[in-house]
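Colleague: I have just opened this one and would love some help reading it. Could you walk me through the features one at a time?

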Amino acid sequence: MTKISKKYFKKTLSKFVTGITVVCVNDKGNISGKTVNSFNSLSLEPPMVLFSLGNYSSSINTFLKSKYLTINILSNKQKDISNNFSKKKPSTKDINFLNGKKKTILIDNCVANLECKLIDKIKKGDHIIFICQVIATHYNDKLKPLLYYNSQYK
Ligand SMILES: Cc1cc2nc3c(=O)[nH]c(=O)nc-3n(C[C@H](O)[C@H](O)[C@H](O)COP(=O)(O)O)c2cc1C
């Protein structure tokens, strides 16, 4: 089998249009967030979703030990939030958070937010798939989503 170069593989995957989410964990008052576009729906009954995080991510252990988390689907006005949470040390200063169930933290003014219970973690390659049961959802029909295509915001 021909080896696929990492660069070519990434470029190929960039042709798939996605939205952008920030996955947030509230670890006893310390908020950890990561920008993630590997989010997808998994099951309707029971409601489940998934996303994957690189095992090299600086905050992987915080996510691995979390019980509850939120998935915040960004609006086209939240590019700064996406850039912020893709950094190693993101700031949480200028971001409005709302309280969810089970001490979760939601980002305000998103197109949608999902409150989730982490039910499974599957290690595959250099990523870990996080399987989440959805315990509450919110959405705002008046906002438009932030899109990502060809490694650029659209
Ligand atoms: C638009 C966008 C989407 C991203 N999606 C993912 C993703 O699905 N999974 C992932 O592990 N990292 C993703 N990242 C990268 C992470 O946000 C983060 O930069 C990476 O995990 C390294 O984290 P660290 O600097 O804390 O080590 C994405 C970054 C951007 C800008």
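Modeller: Gladly! Let us begin with the idea of being near a ligand: a residue is near a molecule if its C-beta atom, placed from the backbone, lies within 6 Å of it. Keep in mind that this is a predicted model.

Colleague: Which residues around the ligand come nearest?

Modeller: There are 16 residues around the ligand, and S38, S57, S58, S86 and K88 come nearest. Two elements, strand 3 (30-36) and strand 5 (48-54), each give two or more residues to that shell.

Colleague: How many residues of each class does the shell around the ligand have?

Modeller: Ten are polar, four are nonpolar and two are charged.

Colleague: Thanks! Now the strands, please. How should I read their pairing?

Modeller: In general, the strands of a sheet pair through backbone hydrogen bonds, in either a parallel or an antiparallel way. The protein chain here has twelve strands, along with three helices. Strand 5, which you met in the ligand shell, is a good place to look. Strand 4 (residues 40-43) runs antiparallel to strand 5, and three bridges join them. Within that pair, S41 stands opposite V49, and a hairpin of four residues leads from strand 4 to strand 5.

Colleague: How many bridges join strand 5 to strand 10?

Modeller: Seven, and the two run antiparallel, with strand 10 covering residues 127-139. There, M48 stands opposite Q133.

Colleague: Which strands form the open sheet, and in what order?

Modeller: Three strands form it, in the order 1-11-12, with antiparallel pairing. Strand 1 (18-19) and strand 12 (152-153) are its edge strands, as each pairs on one side only. Two bridges hold the pairing of strand 1 with strand 11 (residues 147-149), and G19 has L147 as its bridge partner.

Colleague: What about a single residue: is K123 buried or exposed?

Modeller: For this we count neighbours, and a residue is exposed if 12 or fewer other C-beta atoms lie within 10 Å of its own. K123 has 10 C-beta neighbours inside 10 Å, so it counts as exposed. You will find K123 in strand 9 (residues 112-124). Its C-alpha atom is separated by 30 Å from that of Q78, 45 residues apart along the chain.

Colleague: And the chain as a whole?

Modeller: A compact globule with 154 residues would have a radius of gyration near 15 Å, and the protein chain agrees because its own value is 15 Å. Its C-alpha atoms fill a box of roughly 50 × 35 × 30 Å along the principal axes. Of the 154 residues, 25% count as buried.

Key
Residues are numbered from 1 along each chain as its sequence is written. This is a predicted model: local features need pLDDT of at least 70, side-chain atom pairs count only at pLDDT 80 or more; totals for chains, interfaces and linings use all residues. Ala, Val, Leu, Ile, Met, Phe, Trp, Tyr, Cys and Pro count as nonpolar, Asp, Glu, Lys and Arg as charged, and the others, Gly among them, as polar. Two strands pair if DSSP finds at least two bridges between them. A residue is buried if 20 or more other C-beta atoms lie within 10 Å of its own, exposed if 12 or fewer, and partly exposed in between; C-beta atoms are placed from the backbone. The radius of gyration is taken over C-alpha atoms; the globule rule is 2.2 Å times the number of residues to the power 0.38.
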